[in-house]
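Good morning, and thank you for joining this group meeting. I would ask you to keep the sequence and the structure in view while I speak.

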Amino acid sequence: DAFEGRETSSGINITENVALGIPAVYACVRVLTEAIAALPLLTYERFENGDKERARNFSLFNLLHDSPNPLMTSFELRELLVGHLCLRGNAYCYIEREDGEIVALWPLHPDKVTVKVSGRELVYKHQNDGIEKVYSMTDILHIRGLSSDGIIGYSPLTLLKDSFGYCKAVNDYSSSY
């Protein structure tokens with residue numbers, strides 16, 4: 001609802017940009033995204049005796065630690081995914097493989113992804129520029145926020161759109177007063 005420009009009870013249309021224009025929302029999202037993205041993302045190998053050592057030779061080490069795809073750093077991807085979680089309740093990445101090996105993670109915009117349950121599997125549909133692609137759950141990294149069913153995270157923009165609309169209306173009124 002939040003992204004279709006539906007009006008709130010205050011009469012304000014709430015979109016992602018409108019919500020992020022509220023200083024408190026922007027500050028909270030920024031603090032969370034930057035703090036979580038700045039955490040080290042390392043892989044370890046655990047030995048039978050219980051010891052562990054950084055697994056620099058693990059096939060996914062560079063992908064997770066340095067660059068998940070040719071266009072982004074690890075920090076940028078994690079910042080984006082946490083931002084999607086904060087505003088939409090879900091974050092998605094397409095897992096690109098070559099010869100069975102994972103070679104890249106490509107973020108998918110949550111507004112363009114739908115999730116359906118098919119038996120004991122999840123099916124992801126991604127709509128982009130009028131082209132729909134269907135992916136199995138093994139091809140998608142799906143990070144969910146708070147959820148009622150464990151399948152789709154709640155969208156804070158949808159749940160809180162009236163609160164965001166109220167804040168925006170108060171900001172607009174006070175700036176014109």
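**An antiparallel sheet and its surroundings**

Let me begin with one pair of residues: V113 stands opposite H126 in strand β6. A word on the source: this is a predicted model, in which local features need pLDDT of at least 70 and side-chain atom pairs count only at pLDDT 80 or more, while totals for chains, interfaces and linings use all residues. Residues are numbered from 1 along each chain as its sequence is written, and side-chain values use heavy atoms, with hydrogens and water left out.

Strands and helices here are DSSP runs numbered from the N terminus, with at least two residues (E) for a strand and at least four (H or I) for a helix. Two strands count as paired if DSSP finds at least two bridges between them.

By that rule, three strands form an open sheet in the order β5-β6-β7, with antiparallel pairing. At the edges are β5 (113–118) and β7 (131–136), each of which pairs on one side only. From one strand to the next, the twist averages 25°; such angles are taken between N-to-C directions, run from 0 to 180 degrees, and use axes fitted as lines to C-alpha atoms.

How many bridges join β5 and β6? The antiparallel pairing of β5 with β6 (residues 121–128) runs over six bridges. S118 has E121 in β6 as its bridge partner. The two strands form a hairpin with two residues between them, and G119 in the turn has a positive phi of about 70°.

Most residues other than glycine have a negative phi. D129, in the loop between β6 and β7, is not a glycine, yet has a positive phi of about 50°. D99 also has a positive phi, about 55°, although it is not a glycine; D99 is found in the loop between β3 (90–98) and β4 (101–108).

Are these two residues buried or exposed? Buried means under 20% relative accessible area, exposed over 50%, and partly exposed in between, with a 1.4 Å probe and protein chains only. D99 has 84% relative accessibility and therefore counts as exposed. D129, at 72%, counts as exposed too.

I turn now to salt bridges, defined as a side-chain nitrogen of Lys or Arg within 4 Å of a carboxyl oxygen of Asp or Glu. A search of the whole structure finds five of them.

One joins R97 and D139, whose closest N and O atoms are 3.2 Å apart. This pair links distant parts of the chain: R97 is in strand β3, D139 is in the loop between β7 and β8 (140–144), and 42 residues separate them. R97 is partly exposed at 35% relative accessibility, and D139 is partly exposed at 24%.

Another is found in helix α2 (residues 23–38), where E34 and R30 lie four residues apart, about one turn of the helix. Their closest N and O atoms are 3.1 Å apart. E34, at 32%, is partly exposed, as is R30, at 42%.

In helix α6, the side chains of D172 and K168 meet in a salt bridge of 2.9 Å, N to O. D172 and K168 are separated by about one helical turn, because they are four residues apart in α6. Finally, salt bridges that share partners join E16, R88 and D111 into one network.
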